[in-house]
Amino acid sequence: MWHHPPFLLSQDPWDLHHRAERDRQRHNEKVKEVIKQNLGEIISQQDIITAHDGKIVKIPIRGLELPRIRFDPNAGKRVGQGAGGTQPGDILGQEAVPGQGAGKQAGTEPGVDFYEAEFTIEELMELVFEDLHLPNLQEKGSKQVMADATQFNTIARKGPLANIDRKRTLIEAYKRSAKEGKPGFKIRAEDRRFRSWEIVPEPQRNAVIFAMRDVSGSMGEFEAYICRSFYFWMLRFLRTKYTNTEIVFITCHTIAKEVDEHEFFAAGDSGGTKLSEAYKLALDIIDKRYNPREWNIYPFLFSDGYNWGDHEVVQLVEKMASISNLIGYGEIADELWGHTDAFAPLGQALYERFADDPRVVLVRITNKEEVWPALKRFFSKHPEVQSV
Amino acid sequence: MTSQERAELEKFIEQAWEKVHEMGLNPFPVHFELVPAHVIYEIGAYGLPARFSHWTFGRDYHRQKTMYEYNVARIYELVINTDPSQAFLLENNSLIANKLVVAHVLGHSDFFRNNVYFAHTDRRMVERARLHADRIRQYEMEHGPQRVEQFLDAVLSIEEHIDPVEPAYRRRDPKEYEHQKSILARPTSEFDDLLGRVETPEPPSTKRIPPEPEKDLLLFLHDYARDLEDWQRDIIGMVREEMLYFLPQIRTKIMNEGWASLIHERVLESLPLTPAEHIEFRRMHSSVLSPGSRMSLNPYYVGYRILRDIERRWNGEPPEEEEQPETDWLQRPKPRPAGEGWQKLLEVREMECDVTFLRKYLTEGLVKKLDMYTYKLEEVDGSLIWRVQETDWEKVRDTLLDSMTNFGVPVVTVEDGDYGRRGELYLKHHYDGKPLDMDYTLRALKNIYTIWNRPVHLETVMDSEVTIFTYDGQQVTRRGRGA
């Protein structure tokens, strides 16, 4: 009712009003797109690798803005205001010097808007793993293990407001009002209906991964770091998306040894290198425990590429390729040591033999940012590979 | 808010209304709505209730809501320039907070109704914006949300390039306009003549396209960009209409907030409050009217202090003392002499925008009292620091006015819409000593290209040299004027 003087004061329920939500989500998607473009840099950071579950990671990105024709925000004079007694020469604040990398925090700089995207480790993982798959996975074996998938296909009485089903809520409110014999209707909490999900089991295939690591004396601190961070992400990936995959850890210098996960990551480096031993041990384990007819097999090996007996390795990889879905070989080259673009001898030997073989993927890593592209190369779909 | 509190608030509104009426104010009828915080933040982000959908609004909503949740900043009130005005109050505000807000809203509504810069704004903008939103949603269904979003990104990135001085409804000479469009529609491939695509050459246009340099880039693109589909042209028109609506608010921010703050103070001073309410009112009033962060101005504070200074001077009172209490020791409001001051304020709120207001009424004494200064970024020993430059009042005033010219946006005009007789777009930045941010500007230039669909040139000045940047759809090139 309008009063005299002419005003109206009203208070209506606004609980179901969430119009901005859609645009907020679209903005979130765009933030994720930006983060995905910089995943290489983000996932190579030590504090993310050592983060525990549930930890919140703050990733500063430049605010998503529309580009405008605007003045240089750092040039020219502006006007400010103090609480009294300001003198020429007083310092108001300091600006981070440009070019100091991703660590830059939201500053005082008027023109540049930094946005700190917050992710839990799990959300970040999800972004990282979104496009990764175990390539060429076959249905093998009788022991079908299950992986879970969620599907929005049901209705619940309770749920987050973002999932509210307006149509069903309205119908419920109508029905209840009609039953109560009241004209019109008001939505009550009990009328609310939410779209909800069910967990749908998805058949998964048996798979075994061989994580093999060169721990010889020539593997320096950098090589070990890259190797660990690759395997760290690989394990998280496998355990997130392929929950029942088996993983066999092997370390190798002149002798290969099957170890547990802790030992695998903690292993120090010493001695010479004879990587053929690692493949021999893997083949032996396959023979005893993982019948290739029953198992999808994925051997990965990381090394600096300096090895005794490259020819033997090539022969073993050939043998391995005949029973594996995909073989990964990663060569780590510390550019500080003046390595060129070419593979080291072992990589070179493998390259000459397997360059055209889609089942053998060879990757060279020279800095931290290349761990992510390596993961993507190993765990993309590789549709070109024929089943074994 | 309980129904008892609502009844008390209604009573208060009646009294406040009577009071502002006595003071000579003339607000629109106002619909006050009590809403939860998320609604206020949503409308704050979109500028209007039920405006069209875009991720930048979602971003602003998220930011403001986060700031509210972390208690960093909050919006107390929001009022829309319509007839009747729509005002949104936070339902979980205290009663006294909402009393203050109601009085503040009456000040804004009076300002909307009487300030001359708002004379041409559409007072039914909420309905119009809702229709815009419906049409854009329809376009999303017809052409896909992605295409619509990309196009909106391009248009919104140049939305400030309109001309508020020209009437929004001007007409072009229809015959000349058709003729000019036919010129721009001719084929442009360099092989056209060999392929026999060239028809009889048109008679040379009597006028350039545009006839005069055109500041309203959106209008020009709307009228002359030849490859646009109807829905795209419509989007340009809608964005431009909404921007024309918002512009007066941008141009009167300091005055409008100063005026509303002065009004809420006078209204609350003159109406009965309990002692507890009085303390709370003073606390809120001084938190709203405090100096800004040192890198910016608080428009509420600056506007309010200038208005009070005008009133004093026109009343023939001596200039403001350092800290003059507003009430005596019994907390009774101090009597205010009835002079010319208030009449002068009513005139100022009607006639000025921020630029003219500051030019006329920001005095030496005020600059000193408000502790205003200029500052800039300096490099010292490899680190960058923001350092105070001048406190001289004329330098401060001129720097402030300069930063507000053209609402702080570089002035760009369309010089030629048929550049090189190839239908290319030649834009000129009217350089005034402040360099452009070329990273942003060139990305905006690419957006203009997506609308114009032929090469776009931008003339500016870099290091004292006239420089022309060109984007041809593939890459940006740069040349001096002579080259």
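Here are five short exercises, each with a worked solution, on a predicted model of chains A and B.

**Exercise 1. Find where the domains of chain A begin and end, and how far apart the centres of domain 2 and domain 3 lie.**

Let's start with the bounds. The domain assignment gives chain A a domain 1 made of 14–65 + 111–130. Next along come domain 2, at 145–203, and domain 3, at 206–378. Now for the spacing: take the C-alpha centres of domain 2 and domain 3 of chain A, and you get 50 Å between them.

**Exercise 2. Work out the strand order of the six-stranded open sheet in chain A, and which strands sit at its edges.**

Step one is the order, which reads S10-S9-S8-S11-S12-S13 in chain A, with mixed pairing. Step two is the edges: S10 (256–259) and S13 (360–365) of chain A each pair on one side only. From one strand to the next, the twist averages 20 degrees.

Step three, zoom in on one pair. S8 (residues 207–214) and S9 (residues 246–252) of chain A run parallel to each other and share seven bridges. Within that pair, look for Phe210(A), which faces Val248(A) in S9(A).

**Exercise 3. Describe helix H6 of chain A: how long is it, what does it lie across, and which of its residues are buried?**

Length comes first. H6(A) covers residues 221–241, so count 21 residues, with 1.5 Å a residue as the yardstick. From first C-alpha to last, H6(A) reaches 30 Å, close to the 30 Å expected.

Then look at what is beside H6(A). The helix lies across S8, S9, S11 (296–303), S12 (327–332) and S13 of chain A, and runs at about 150 degrees to S12(A). Helix H9 (residues 310–321) of chain A packs on the sheet as well, touching S11, S12 and S13 of chain A. The direction of H9(A) makes about 145 degrees with that of S12(A).

Last, the burial. The buried residues of H6(A) include Phe230(A), Trp233(A), Met234(A), Phe237(A) and Leu238(A). To read such a list, remember that an α-helix has 3.6 residues a turn, so residues three or four places apart point the same way.

**Exercise 4. Trace the open sheet that takes strands from both chains, and say why one side of each edge strand has no neighbour.**

Begin with the order: four strands line up as S3(A)-S4(B)-S5(B)-S4(A), with antiparallel pairing. The edge strands are S3 (78–81) and S4 (91–95) of chain A; each has a single partner strand, so one side of each is left without a neighbour in the sheet. The twist here averages 40 degrees from one strand to the next.

Now check the two places where the chains pair:

- S3(A) meets S4 (residues 372–380) of chain B over four antiparallel bridges, and Arg78(A) has Tyr375(B) as its bridge partner there.
- S4(A) meets S5 (residues 383–390) of chain B, again antiparallel and over four bridges, with Gly93(A) opposite Trp386(B).

**Exercise 5. Take stock of the contact between the chains, then of chain B itself.**

First, the totals: 52 residues of chain A and 72 residues of chain B take part in the contact. On the chain A side, S1 (7–11), H1 (20–37), S3 and S4 each give two or more residues. H1(A) gives the most, with seven residues. Sorted by class, the chain A side has 21 nonpolar, 18 polar and 13 charged residues.

Finally, chain B: its secondary structure comes to 17 helices and ten strands. Of its 483 residues, 37% are buried.

Definitions and conventions: Residues numbered from 1 in each chain as written. Chains lettered and ligands numbered in written order. Predicted model: local features only at pLDDT ≥ 70, side-chain atom pairs only at ≥ 80, totals over all residues. Buried ≥ 20, exposed ≤ 12 C-beta atoms within 10 Å, placed from the backbone. Pairing = 2+ DSSP bridges. Axes fitted to C-alpha atoms, helices over the stretch in contact; angles between N-to-C directions. Domains from an automatic or database assignment. Contact = placed C-beta atoms within 7 Å. Nonpolar A, V, L, I, M, F, W, Y, C, P; charged D, E, K, R; others polar.
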